[in-house]
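The exercises below are to be worked with the sequence and the coordinates open side by side. Each task is followed by a solution in steps.

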Amino acid sequence: MRIIFWGTPEYSVKSLEVLKKSDHDIVAVITQPDKKRSRGNKLISSPVKEYATKENIPVFTPETIKENIQFISRLKDLSCDLFIVIAYGKILPKAILDIPKYKSWNAHASLLPRWRGAAPIQWSILEGDKITGVGIMKMEEGLDTGDVLVEKQIKIENNDNLKTLTKKLSDLSSELFLRAISDIEQNKNRDINLLLKKQTDFQRELKYARMINKLDYIINWENSSTDIYRKINALYPGAKTTYKRKNLKIIKIKILTMDEIHNKNYKILSNESKPGVIIGLIKNVGIIITTKTDPILLLEAKLEGKKVSSQNQLIQQLNPVIGENFSD
């Protein structure tokens, strides 16, 4: 199959790598233009562009795609069988989706129609989903509304965070793209639509995964320990609070039960029930903080201007006091 690959972030690279090593012909790669991503305003290429350049694959980085007549004409001239799209970063118009002989296909990191939209991995963790997965869908103009060709589920482990789950789903996407392309190739003389499954057939709740904004990263200690734990994992490593007027990114915590506190003989401030209060400093372990429900044990954090620290180094760095509010 002659394929044009559309993608931008690191998440997309695995699929491009797998397709490049397959028997298929990657004719070109379309990715977002270079952006200023550092303090020195240096232009940085996307991870997909870096890989494609290293592999001598032609790369296009159009500033605009909608009604870009010259670009659309170039795509048509390449005479491709498929467009494969994964985290490209822009919605493709119908004039582009219909160009390839066997249409355009996207890998979406959720079990559709649950978590259509920009941040499905984050929201699956934030909402406490037990399973997620990847679906390969035939693209249409709607936002993640296309019919599904293949799908595979995976379990979300309790200790999964954005980094670990993203890696699992990126690998799964590359696996499913190969399967989907094989199905399309084997059925190219038939109506491929007969193999598709409408999203409504899955009988799942329709939910939208809106983009994560700056306020989402702020930890509210009046939330339950479970919600705080999910936020830290879902937005890893960006969930934060302020401590002594400095930003403090919370990297890793553990939810503590009172039974565990007693069994391990952790000495805590027992008469404190207000959320967000330091009730224990455990040498070689971390800092115990109250929430709306169970207390949490702060294991790793990154203070503004410092490296990630844990255990005694974290306690020494923050110099906390039992009984004080943990956030400003």
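**Exercise 1. A histidine in a strand**

Task: In which strand is His-108 placed, is the residue buried or exposed, and which backbone oxygen does its side chain reach?

Solution.
- Step 1. His-108 belongs to strand S7. The model is a predicted one.
- Step 2. The relative accessible area of His-108 is 6%. Buried means under 20%, so His-108 is buried.
- Step 3. The side chain of His-108 comes to 2.8 Å from the backbone oxygen of Trp-115.
- Step 4. With neighbours within four places in sequence left aside, the contacts of His-108 include Trp-115, Arg-116, Gly-117 and Pro-120. Gly-133, Val-134, Gly-135, Met-137 and Asp-144 are also in contact with His-108.

**Exercise 2. Cis peptide bonds**

Task: Find the omega of the peptide bond from Leu-112 to Pro-113 and of the bond from Tyr-236 to Pro-237, and place both prolines in the chain.

Solution.
- Step 1. Most peptide bonds are trans.
- Step 2. The bond from Leu-112 to Pro-113 is cis, with omega near 5°. Pro-113 sits in the loop between S7 and strand S8 (114-117).
- Step 3. The bond from Tyr-236 to Pro-237 is cis as well, with omega near -5°. Pro-237 sits in the loop between helix H7 and strand S12 (240-243).
- Step 4. For the surroundings of Pro-113, start from its relative accessibility of 6%. The limit for buried is under 20%, so Pro-113 counts as buried.
- Step 5. Beyond residues up to four places away in sequence, Pro-113 touches Gln-199, Arg-204, Glu-205, Leu-206 and Lys-207.
- Step 6. As a distance check, the C-alpha atoms of Pro-113 and Val-29 are 28 Å apart, with the two positions 84 residues apart in sequence numbering.

**Exercise 3. Positive phi**

Task: What phi do Lys-103 and Gln-311 have, and are these residues buried, partly exposed or exposed?

Solution.
- Step 1. Most residues other than glycine have a negative phi.
- Step 2. Lys-103 is not a glycine, yet its phi is positive, about 70°. Lys-103 lies in the loop between helix H4 (94-97) and S7.
- Step 3. Gln-311 is not a glycine either, and its phi is positive at about 50°. Gln-311 is part of helix H9 (residues 311-318).
- Step 4. The relative accessible area is 29% for Lys-103 and 40% for Gln-311. Partly exposed covers the range between under 20% and over 50%, so Lys-103 is partly exposed, and so is Gln-311.

**Exercise 4. The nonpolar cores**

Task: Which residues of the largest nonpolar core touch the most other members, and which helix gives the largest share of this core?

Solution.
- Step 1. In soluble globular proteins, nonpolar side chains tend to be buried together.
- Step 2. The largest core has 47 residues, and the members that touch the most others are Phe-5, Leu-16, Trp-105, Ile-136 and Leu-169.
- Step 3. Helix H6 (residues 162-186) supplies 9 residues, the largest share of this core.
- Step 4. Leu-169 touches Tyr-11, Ala-109, Ile-121, Thr-132, Gly-133, Val-134 and Ile-154, with residues up to four places away in sequence not counted.
- Step 5. A second, separate core has 21 residues, among them Ala-239, Tyr-243, Leu-248 and Ile-287.

**Exercise 5. Two pockets**

Task: What are the volumes of the largest and the second largest pocket, and how do their linings divide by class?

Solution.
- Step 1. The volume of the largest pocket is about 1300 Å³. Its lining has 43 residues, of which Ala-87, Tyr-88, Gly-89, Gly-117 and Ala-118 are the closest to the centre.
- Step 2. Elements that give two or more residues to this lining include helix H1 (10-20), strand S6 (82-86) and H6.
- Step 3. By class, the lining of the largest pocket has 26 nonpolar, 10 polar and 7 charged residues.
- Step 4. The second largest pocket has a volume of about 280 Å³. Of its 16 lining residues, Lys-130, Glu-157, Asn-158, Tyr-229 and Arg-230 are the closest to its centre.
- Step 5. H7 gives 4 residues, the largest share of the lining of the second largest pocket.
- Step 6. The lining of the second largest pocket divides into 5 nonpolar, 5 polar and 6 charged residues.

Conventions. Residues numbered from 1 in each chain as written. Predicted model: local features only at pLDDT ≥ 70, side-chain atom pairs only at ≥ 80, totals over all residues. Heavy atoms only, no water. Core = buried A, V, L, I, M, F, W, Y, C linked by side-chain atoms within 4.5 Å. Buried < 20%, exposed > 50% of the residue type's maximum accessible area, 1.4 Å probe, protein only. Contact = heavy atoms within 4.5 Å. 1 Å grid on protein atoms, 1.4 Å probe; cavity = no way out; pocket = protein on both sides within 12 Å on 5 of 7 lines; lining within 4 Å. Points joined across faces, edges and corners; volume = space filled by probe spheres on them. Nonpolar A, V, L, I, M, F, W, Y, C, P; charged D, E, K, R; others polar. Polar contact = N/O pair within 3.5 Å; in protein donor to acceptor, adjacent residues only side chain to side chain.
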